[in-house]
Amino acid sequence: MRIVMIGTGYVGLVSGACFSDFGHDVTCVDKDPAKIDALLAGEIPIFEPGLDELVARNVREGRLHFTLDLADAVPSADAVFIAVGTPSRRGDGHADLRYVYAAAREFAEYLSPGTVVVTKSTVPVGTGDEVERIIREARPDHEWSVASNPEFLREGAAIEDFKHPDRIIIGCNDQHAEDVLEEIYRPLFINRSPLLKMARRGAELTKYAANAFLATKISFINEVADLCEKVGANVQDVARGIGLDNRIGAKFLHAGPGYGGSCFPKDTLALLKTGQDYDANLRIVEAVVTANDNRKRGMGRKVIHAMGGDTYGKNVALLGLTFKPNTDDMRDSPALAIVQTLQDAGANVRAYDPEGMEHAAKMMEGVTFCKDAYEAMDGADAVVIVTEWDAFRALDLARTKDLLNDLILVDLRNVYDRAEVERHGFKYVAVGC
Ligand code: UDX
């Protein structure tokens, strides 16, 4: 199949590279000449394990191409995927669909009869209807198929998620679109990944409902963690105790500093807006969003409390800044609120993150960025693990003791064993235990 992928951001680049790895012929198109030049030179603009080799291999084998030119790529495509960004619109939380609609307007004139247009970007219910209207308006000469195919990949595990998905969702309102998408995904469902066919609006909503449900699980266990701290229970025991019930499931029950990233915060807000637009109450999602916002700020206060309530002029070492490990993504990371709260309380923040410091430096002021965890801890009055990078899971506690002014370890990801840390003489503060 000949596939055109519009947008070389996270979803576009990973999907394009994976489709080409299945054997399809893929052309990724972007408006940004610097991005396309970099990709043509073999540089990958995002940090995602394994993506550089995957792209290089498929470029070398002639199945993956990059271009600025829609006129060159679109006419011969069996399917054109829209994978441009849908950020939160400033002020109201609605998904900003400007880029999706602009893309549809721009490529419509180059479409050939039979080409299926597929929205892969996360878009609110009804966006497919508008994309279809835009294309029909530009090209009244044919009937066009517009489908929805949401993507569920996680940053840091994107290639694995794409190639071994729990399910593939295709939302089509006509048989031709369904046939083309089935053919594109054939290598996966031969591999027994379930392919779920539904109408377009259902597919659009499934993506938001999935993310909102996962965010709900996280906020739920975070609130249970707070209760555990008050009643003297261990949230990890409780999470395991409930997670072994198949109806609940063990995943996404790790208590921590709150969810961040490019999807959950933006998609939960966009779902609330859809609820308002259609006059449907989504009170649970509303509560999840509020609980998560409050939690991120609360984590800074937790650190201050662990340090005896007064952090004025004290040094705090933050280990991990990205919203989760194996990414350089700082969007809506709990670290942002934690740094702000600590600085407001007069603390000096020293930080280290294996991949996120370049982005972090643009979003945080007054932070001393260090070359490794031990440099960050040198002279610190407390150490805080914000992101569970592997590099922080087995710190040399004996060496750490010599560097610190005060032996306080605040573990916001519960990666340490209390007894072991306390044996080294530390005060250990974790989440929900
Ligand atoms: C998420 C969805 O998992 C993915 O399906 C969707 O396509 C995009 O959004 P991603 O944002 O990459 O993926 O990260 P994910 O691994 O889901 O983690 C999201 C946030 O939740 C992180 O901040 C993480 O630390 C937090 N989290 C996750 C918890 O706090 N506890 C958990 O148990 C799981």
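**Exercise 1. A proline in a loop**

Is Pro-75 buried, partly exposed or exposed, and which residues does Pro-75 contact once its neighbours within four places in sequence are left aside?

*Solution.*
Step 1. Pro-75 has a relative accessible area of 33%, so Pro-75 counts as partly exposed. Keep in mind as you work that this is a predicted model.
Step 2. Now find its place: Pro-75 sits in the loop between helix H4 (70-73) and strand S4 (79-82).
Step 3. With the neighbours within four places in sequence set aside, the contacts of Pro-75 are Leu-70, Tyr-110 and Ser-112.
Step 4. Then look at Leu-111, which is 36 residues away from Pro-75 along the chain, while 5.3 Å separate the two C-alpha atoms.
Step 5. Ser-76 belongs to the loop between H4 and S4 as well. With a relative accessible area of 36%, Ser-76 is partly exposed. From the C-alpha atom of Ser-76 to that of Tyr-110 the distance is 9.1 Å, and the two residues are 34 apart in sequence.

**Exercise 2. Pairs of opposite charge**

How far apart are the N and O atoms in the salt bridge of Arg-57 and Asp-21, and which helices hold the two residues?

*Solution.*
Step 1. A pair qualifies if a side-chain nitrogen of Lys or Arg is within 4 Å of a carboxyl oxygen of Asp or Glu. Arg-57 and Asp-21 form such a salt bridge, at 2.9 Å from N to O.
Step 2. Arg-57 is in helix H3 (residues 51-60) and Asp-21 in helix H1 (residues 10-21), so the salt bridge, within the 4 Å cut-off, links distant parts of the chain, 36 residues apart.
Step 3. For Arg-57 the relative accessibility is 30%, which makes this residue partly exposed.
Step 4. Try another pair: Arg-89 and Asp-92 make a salt bridge whose closest N and O atoms are 2.7 Å apart. Asp-92 is partly exposed at 24% relative accessibility, and Arg-89 is partly exposed at 39%.
Step 5. Over the whole model, the count of salt bridges is 29.

**Exercise 3. A network, and one member of it**

Which residues are linked in a network of salt bridges with Glu-132, and is Glu-132 buried or exposed?

*Solution.*
Step 1. The network of salt bridges links Glu-132 with Asp-129, Arg-136, Glu-143, Arg-200 and Arg-201.
Step 2. Glu-132 is part of helix H6 (residues 127-138).
Step 3. The cut-off for buried is under 20% relative accessible area. Glu-132 has 15%, and therefore counts as buried.
Step 4. Apart from neighbours within four places in sequence, Glu-132 touches Trp-144, Val-146 and Arg-200.

**Exercise 4. Two helices that cross**

At what angle do the axes of H9 and H11 cross, and how many residues of their contact are nonpolar, polar and charged?

*Solution.*
Step 1. Locate helix H9 (residues 200-231) and helix H11 (residues 264-277); their axes come within 9 Å and cross at roughly 115 degrees.
Step 2. The crossing of H9 past H11 is left-handed.
Step 3. H9 brings Leu-205, Lys-207, Tyr-208, Asn-211, Ala-212, Leu-214, Ala-215 and Ile-218 to the contact, and H11 brings Phe-264, Asp-267, Thr-268, Ala-270 and Leu-271.
Step 4. Sorting these residues gives nine nonpolar, two polar and two charged.
Step 5. Follow Asp-267 a little further: this residue forms a salt bridge with Lys-266, with 3.1 Å between the closest N and O atoms. Asp-267 and Lys-266 are both buried.

**Exercise 5. Positive phi angles**

What is the phi value of Asp-279, and what is that of Asp-332?

*Solution.*
Step 1. Asp-279 has a phi near 60 degrees, a positive value in a residue other than glycine. Asp-279 lies in the loop between H11 and helix H12 (283-306).
Step 2. With a relative accessible area of 75%, Asp-279 is exposed.
Step 3. For Asp-332, phi is near 55 degrees, again positive in a residue other than glycine. Asp-332 is placed in the loop between strand S9 (315-319) and helix H13 (334-344).
Step 4. Its relative accessible area is 39%, so Asp-332 is partly exposed.

**Exercise 6. The two domains**

Where are the bounds of domain 1 and domain 2, and how many residues does each give to the contact?

*Solution.*
Step 1. Domain 1 covers 2-198 and domain 2 covers 199-433.
Step 2. Taken over C-alpha atoms, the centres of domain 1 and domain 2 are 32 Å apart.
Step 3. In the contact, 34 residues come from domain 1 and 28 residues from domain 2.

Note on methods
Residues are numbered from 1 along each chain as its sequence is written. This is a predicted model: local features need pLDDT of at least 70, side-chain atom pairs count only at pLDDT 80 or more; totals for chains, interfaces and linings use all residues. Side-chain values use heavy atoms; hydrogens and water are left out. Buried means under 20% relative accessible area, exposed over 50%, partly exposed in between (1.4 Å probe, protein chains only). Axes are lines fitted to C-alpha atoms, for helices over the stretch in contact, and angles run from 0 to 180 degrees between N-to-C directions. A crossing is left-handed if the near helix is turned anticlockwise from the far one by less than a right angle, and right-handed if clockwise. Contact means heavy atoms within 4.5 Å. Ala, Val, Leu, Ile, Met, Phe, Trp, Tyr, Cys and Pro count as nonpolar, Asp, Glu, Lys and Arg as charged, and the others, Gly among them, as polar. Domain bounds come from an automatic or database domain assignment.
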